[in-house]
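Biologist: Please take a close look at one part of this model, a pair of bridged strands and the sheet around them. Then set that part in its wider context.

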Amino acid sequence: SIYEMFGNECCLSTGEVIKVIGFKINKLIASICENNEVSQFSAKMELPLNFPGLYKVVADKTPYLSIEEITRKVSIGPTRFGHPCFYSPEDIKLANLTIKHGEQITFNSVEEVNGTLTVNCGVVRNNQSHSFTLPLSQEGKFYECEDDQIYTLKEIAEWKIPKCRNRIVKLSNTLHMWDSSNPLPENFDGCLILTPVYEVQAVMKFRKDIVHILSDLDVEVKDITDCYDVSSFLQPLSLEDVFERTSKEFPMVAEIMEGPSGSRKPYNLFNTGKEIIIYKKYQATRVLASEIRSDSPKRHFLIPISYKGKFKRRPREFPTAYDLQIARSEKEQLHVVATKAFDSPHKELFSVSVGDQFLVQQCQTSEVLYEGRKKVVDVLACEQILSDTYKKVLLPMYMEGGFVEVVHDKTQYQLSEICKEFRLPFNVKVSVRDLSVEEDVLAAVPGLQFEEEITDSYLLISSTSSPVVSWEFPVYRLNMSVHLLSKDVQMVVPPPTKTTVEEISEEQYYMLRRYENQTLLPPPRPPKKPT
């Protein structure tokens with residue numbers, strides 16, 4: 001039997017031994033959904049996993065009948081996607097804890113305890129987490145909890161479609177302008193039923209790459225697992241698999257089985273078959289930045305702190321007086337120009353005209369008359385800049401206006417200095433490009449907003465054939481498979497590390513913002529008008 005997949009012809013001869021290493025969703029068949037059923041007017045659409053958009057998962061109404069069924073059909077793993085949540089309509093009595101009906105149970109991992117497989121679970125009560133285990137033999141009805149997160153189609157395919165089930169999703173954000181090539185109707189914001197089409201991932205005895213076989217390939221196979229030495233096959237590892245190894249296992253030598261896609265450096269230097277040294281795993285800081293432009297799509301970047309270019313400040317924009325208070329710093333006085341008029345409903349507070357200039361002072365309270373009664377409101381004390389003097393004024397904190405910063409600072413800053421001295425978000429443009437790289441992608445961008453510092457997971461990798469420089473490989477944004485070689489590492493100390501500015505997609509940007517912001521408390525809302 002001969003088939004072709006991704007441009008590679010593969011012959012499955014009679015008697016060929018194949019080791020199946022996994023199943024993967026290759027694509028999705030989508031139908032428009034109404035009331036949890038396929039619409040009678042909907043045609044089936046084939047969606048690739050990189051189809052743009054962000055989606056919310058609709059909780060499956062069909063219950064699971066045991067913990068064992070959940071572990072068999074639902075992805076549970078160490079990554080941030082692998083912690084599904086369920087609830088039971090009845091109380092579950094354990095030795096030292098009773099799980100109440102309807103209480104959200106988070107499934108964290110599966111492990112063996114005294115020869116019995118169990119699931120490590122947790123519930124949160126009064127902001128305190130309580131951990132416990134459930135045996136796979138535990139029976140009952142378990143329903144999926146509602147999930148308020150947003151996901152790309154690729155994430156849903158990898159983590160959120162249980163085996164032998166379909167998945168209903170609701171479009172949350174299209175991310176791209178609609179055009180005629182889009183199979184979805186224009187302005188569509190409804191639900192889709194996704195039916196997965198699988199492929200089998202396998203390794204063969206005399207091939208060093210991973211073979212992809214569509215699940216509908218017409219070929220007969222026989223299970224010989226119990227009578228064959230499976231250790232004679234190569235064991236592919238993803239970058240996530242490598243990252244999960246203990247730190248003392250590094251450095252290690254590996255051969256690339258599937259290289260990263262794309263033509264960007266350094267990934268184009270690491271092709272299938274190349275031997276590499278993986279020196280260590282670690283967390284590194286990046287600054288998440290977006291191009292400043294009024295129209296979309298904007299470009300997004302992850303910039304290493306070691307970036308050697310320099311930046312000059314660009315004016316920030318502030319939609320409310322409250323935003324001025326947040327941006328205020330002890331280091332320098334904030335000077336702004338009003339871009340929108342505001343008529344104060346109270347004579348005690350200032351009415352703003354377009355073009356008025358202010359030096360922002362501090363937040364305080366003030367008494368105002370409101371419907372004949374005195375009320376205390378939060379205000380922002382400022383100095384209005386007049387032609388030859390300054391006038392003290394009070395702006396209501398709830399004021400919705402518009403202000404643009406007047407930048408007097410002409411200093412050229414390193415990225416590390418900006419992160420240390422200023423509060424993000426912060427607007428800049430490149431004034432001196434990074435001369436240590438051939439092409440500085442940031443230099444051509446007219447303006448950048450540094451949004452936040454994030455921490456991400458990386459592997460430090462170099463080529464064994466020319467280990468003169470090592471590169472940082474992002475663990476969760478790079479599809480790459482390797483198998484480990486039983487070779488000694490000649491260079492235990494890695495060569496100089498070369499960091500690069502990474503341009504990321506709109507979907508990856510939303511994912512990074514989402515996960516970073518999960519760990520932060522939301523900012524307080526601006527004060528409302530007195531009532």
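Modeller: Start with one bridge: Ala338 is partnered by Phe403 of β28. This is a predicted model. The strands concerned are β24, residues 335-338, and β28, residues 400-405. They pair over 3 bridges, in the antiparallel sense.

Now widen the view to the sheet. β28 sits between β23 and β24 in an open sheet of 6 strands. The full order runs β23-β28-β24-β25-β26-β27, with antiparallel pairing. At the edges lie β23 (317-320) and β27 (390-396), and each of these pairs on one side only. On average, neighbouring strands in this sheet are turned by 40 degrees against each other, ignoring direction.

Next, the domains. The domain assignment places 317-405 in domain 4. Domain 3 is assigned two segments, 236-312 and 408-525. Domain 1 also has two, 1-58 and 149-233, while domain 2 covers 60-145. Between the centres of domain 2 and domain 3, over C-alpha atoms, the separation is 36 Å.

Last, the packing. The largest nonpolar core holds 23 residues. Leu28, Tyr55, Leu153, Ile156, Leu192 and Leu194 have the most contacts inside it. At least two residues each come from β3 (18-34), β5 (45-47), β6 (54-57), α2 (153-160), β15 (167-173) and β16 (191-204). A second core is separate and has 21 residues, among them Tyr322, Val352, Tyr398 and Met399. Back in the largest core, Leu153 touches several residues further off in sequence than four places, including Leu28, Leu47, Phe51, Tyr55 and Leu194.

Note on methods. Residues are numbered from 1 along each chain as its sequence is written. This is a predicted model: local features need pLDDT of at least 70, side-chain atom pairs count only at pLDDT 80 or more; totals for chains, interfaces and linings use all residues. Side-chain values use heavy atoms; hydrogens and water are left out. A nonpolar core is a set of buried Ala, Val, Leu, Ile, Met, Phe, Trp, Tyr and Cys residues joined through side-chain atoms within 4.5 Å. Buried means under 20% relative accessible area, exposed over 50%, partly exposed in between (1.4 Å probe, protein chains only). Helices (H or I, at least four residues) and strands (E, at least two) are DSSP runs, numbered from the N terminus. Contact means heavy atoms within 4.5 Å. Domain bounds come from an automatic or database domain assignment. Two strands pair if DSSP finds at least two bridges between them. Axes are lines fitted to C-alpha atoms, for helices over the stretch in contact, and angles run from 0 to 180 degrees between N-to-C directions.
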